[in-house]
Amino acid sequence: MNWTSWLPLRAMSGWTTKDLNGDLAAGITLAAIAIPEQMATARLGGFAPEIGFFAFVAGSVAFALFGANRHLSLGADSTITPLFAGGLALIATSGSPHYLALASMLALMVGLLVTLSGVFRLGWIADLLSVPVTTGFLAGISVHIIVSQLPGLLGLPPESGETLRRVGEIAANLHLTNPWSLVLGAGVFAIVFFSERISPRIPAALIGMVLATLAVIVFGLKDRGVEVLGALPNGLPTAALPLVSIEDAQSLVPLSLLIAIVVMVQTAATSRSFVPPDGEAADINRDFVGAGAGSIVSGLFGAFAVNSSPPRTAIVAQTGGRSQLSGLIAAAIVLALGAFGGSLLANVPQAALAGVLMFVAQHILRWQVFANVYRQAPVEFLLILVTMVAIVVLPIETGVAIGIGLSLLHGIWGSTRAQPIALAQVPGTSIWWPPSGSSPGNQLSGVVVAAFQAPLSFVNADRFKRGLLDLIDARDQSVKLVVLEASNIVEIDYTAAQALIETIRHCRDKGAVFAVARMESLRAMNALRRFGIADMVGQHRIFHSVDDAIKSLGPGEPQQQKQDGMP
């Protein structure tokens, strides 16, 4: 491993003073967007608003030091906040000292898992969630955000407990809606919603929050029942290890694994989406180290786990950010507000923050993906619905675990459906291709050429063996040569190796020679040698092409295949 690639601030390599203006503009814009968002996300998780500021600062500084992507913004994120808030609420009362300590410990655990995943180059974990499952996951999170923020938007007492029960209680209390709170929250939502359609660069959330605060002051809305944040304490956090019992730490292990996977998936997607214009490749593993370090620092300063933000990252890229200096500038502004400007936020209405989160909730709903999957892959559309319902109805961490499980099962299911197919020679060429009714191709008397279009593993080993034996036994003439076209076999595990050995023995019992062609995967070739299959077949019967195998071992000349295809 080249340890120089992990040096801090490597993301600023090639930076010159000419880039300062771009980074300064991007940093100021990022801060304007992050301030209301971080406050709202902290409130979503049951934390004081200033904790969101500290999480943003911790994430920004840590990623600038250890991450690779020049634009990626790290901080409090509405995707993972409902996850850990729901999980922690099962152990401690939301907002209590015990709850805060558990959140900090969870941040340390998540950060350690993500960091180690980067150090040991486990970037492939980011591919565990399919697009339909991710879409269903985000839809379920959106429902959680909406349900949690409706009381603040409507000026109703806060609710807790299961999602469906909270929906019932909100419906029962609708007659208590404070119209002033509703107007403020809906106004902020409208400002952000329509401003984004004009330009994502507009700090609409900050504008909406300032206007809502002015409305509270000018019209005396506190006397009309509108709840406000109140003055936030000024000061800086101090670093300390969270004090939790071993039992509590053990209970956080499953939740930390789930959140770490979500962080890695979102970080990888964000990093790949925003790469420098000079063509520099995304370094996913190093970005994992930066994201993990952000959660560790956040946990040490009493905050919670952080995650990459695609919208904020897009803002940095679109406003001319050239390096992580833009994130550091934004962090300095946010830190100054948290340290000295608590009184400036005293009259911010809770409904304004709810309006910001309502926008976030609708923003993460991928309606276009819903429509495309429904139209093009109805079976996978069920994955979206099942994942969404599981996250809404069940405890949220259970729903996420089900979504991950469904994603893995869906991937495995594709491999289990693979089966050997007979190939025919395209007339006048050396190409062997699956025959069709309109193009049956040629076949050689006494020769079976078969392909298997998937890795060979325990999930499809029996299907492979039975399918290939059926192709051999179904021929109405004596088979003298069986050629396995193996270009798509990239891996062979122990169970599959035994199935392949049994197939080779069956061929020999039938008096046929078994050959392998086009095995291009080095892993698969190593498996042939490791399991003794290469010696069993014979190195002289492993070929670069099907044509070579038939020229060396084939018994006859090509004949036109029947119109109904090979048996």
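This passage walks through the fold of the chain, its nonpolar cores, one helix, a small set of single residues and a cavity.

The model is a predicted one, so local features are given only where pLDDT is at least 70 and side-chain atom pairs only at pLDDT 80 or more, while totals for chains, interfaces and linings use all residues. Residues are numbered from 1 along each chain as its sequence is written, and side-chain values rest on heavy atoms, with hydrogens and water left out.

Starting with the overall picture, the C-alpha atoms of the chain fill a box of roughly 95 × 55 × 50 Å along the principal axes. The secondary structure comes to 22 helices and 11 strands, taken as DSSP runs numbered from the N terminus (helices are H or I, at least four residues; strands are E, at least two). Of the 567 residues, 53% count as buried; here buried means under 20% relative accessible area, exposed means over 50%, and partly exposed is in between, with a 1.4 Å probe and protein chains only. Contacts (heavy atoms within 4.5 Å) reach a long way along the sequence: among those between residues at least 6 apart, 82% join residues at least 24 apart.

Next come the cores. In soluble globular proteins, nonpolar side chains tend to be buried together. A nonpolar core is taken as a set of buried Ala, Val, Leu, Ile, Met, Phe, Trp, Tyr and Cys residues joined through side-chain atoms within 4.5 Å. The largest one holds 97 residues, and F84, L88, I259 and F304 touch the most other members. Helix α10 (residues 253-273) gives the most to this core, with 10 residues. Apart from it lies another core, of 38 residues, including F452, I489, I492 and M525.

I259 is a handy place to look at the packing. Setting aside neighbours within four places in sequence, I259 is in contact with I80, L83, F84, L106 and V110. One of these partners, L83, sits in helix α3 (residues 81-89) and counts as buried because its relative accessibility is 2%. With the same neighbours left out, L83 is in contact with F137, I141, L255, I259, V262, I396 and V400. The C-alpha atoms of L83 and S256 are 9.9 Å apart, although 173 residues separate the two along the chain.

Helix α16 has 16 residues (378-393), which at 1.5 Å a residue should span 22 Å; its end C-alpha atoms are 23 Å apart, so the two agree. The expected span is 1.5 Å times one less than the number of residues. The buried residues of α16 are F381, L383, I384, T387, A390, I391 and V392, and they pack against α5 (131-154), α6 (163-172), α15 (367-376) and α17 (396-416).

One of those partner helices, α5, contains P151. P151 is buried because its relative accessibility is 5%. Beyond its neighbours within four places in sequence, P151 is in contact with L156, P157, P158, E159 and I170. The C-alpha atoms of P151 and E520 are 60 Å apart, with the two positions 369 residues apart along the chain.

Two arginines stand out for their backbone angles. Most residues other than glycine have a negative phi. Phi of R121, however, is near 55°, and that of R518 is near 60°. R121 lies in the loop between α4 (97-119) and α5, and R518 in the loop between β9 (513-517) and α20 (522-530). R121 is partly exposed because its relative accessibility is 48%; R518 is also partly exposed, with a relative accessible area of 34%.

Finally, the whole structure holds two cavities of 30 Å³ or more. A cavity is a set of points on a 1 Å grid over the protein atoms alone where a 1.4 Å probe fits but cannot get out, and lining residues have an atom within 4 Å of a point. Grid points are joined across faces, edges and corners, and a volume is the space filled by probe spheres set on the points. The second largest cavity has a volume of about 30 Å³ and is lined by S60, F63, L72, S73, L74, Q324 and G327. This lining divides into three nonpolar, four polar and no charged residues, where Ala, Val, Leu, Ile, Met, Phe, Trp, Tyr, Cys and Pro count as nonpolar, Asp, Glu, Lys and Arg as charged, and the others, Gly among them, as polar.

Of the lining residues, S73 is found in the loop between α2 (49-66) and β1 (74-75). S73 is buried, with a relative accessible area of 3%. Leaving aside neighbours within four places in sequence, S73 is in contact with L30, F56, N307, S308, S309, R312 and T313.

Methods. 1 Å grid on protein atoms, 1.4 Å probe; cavity = no way out; pocket = protein on both sides within 12 Å on 5 of 7 lines; lining within 4 Å.
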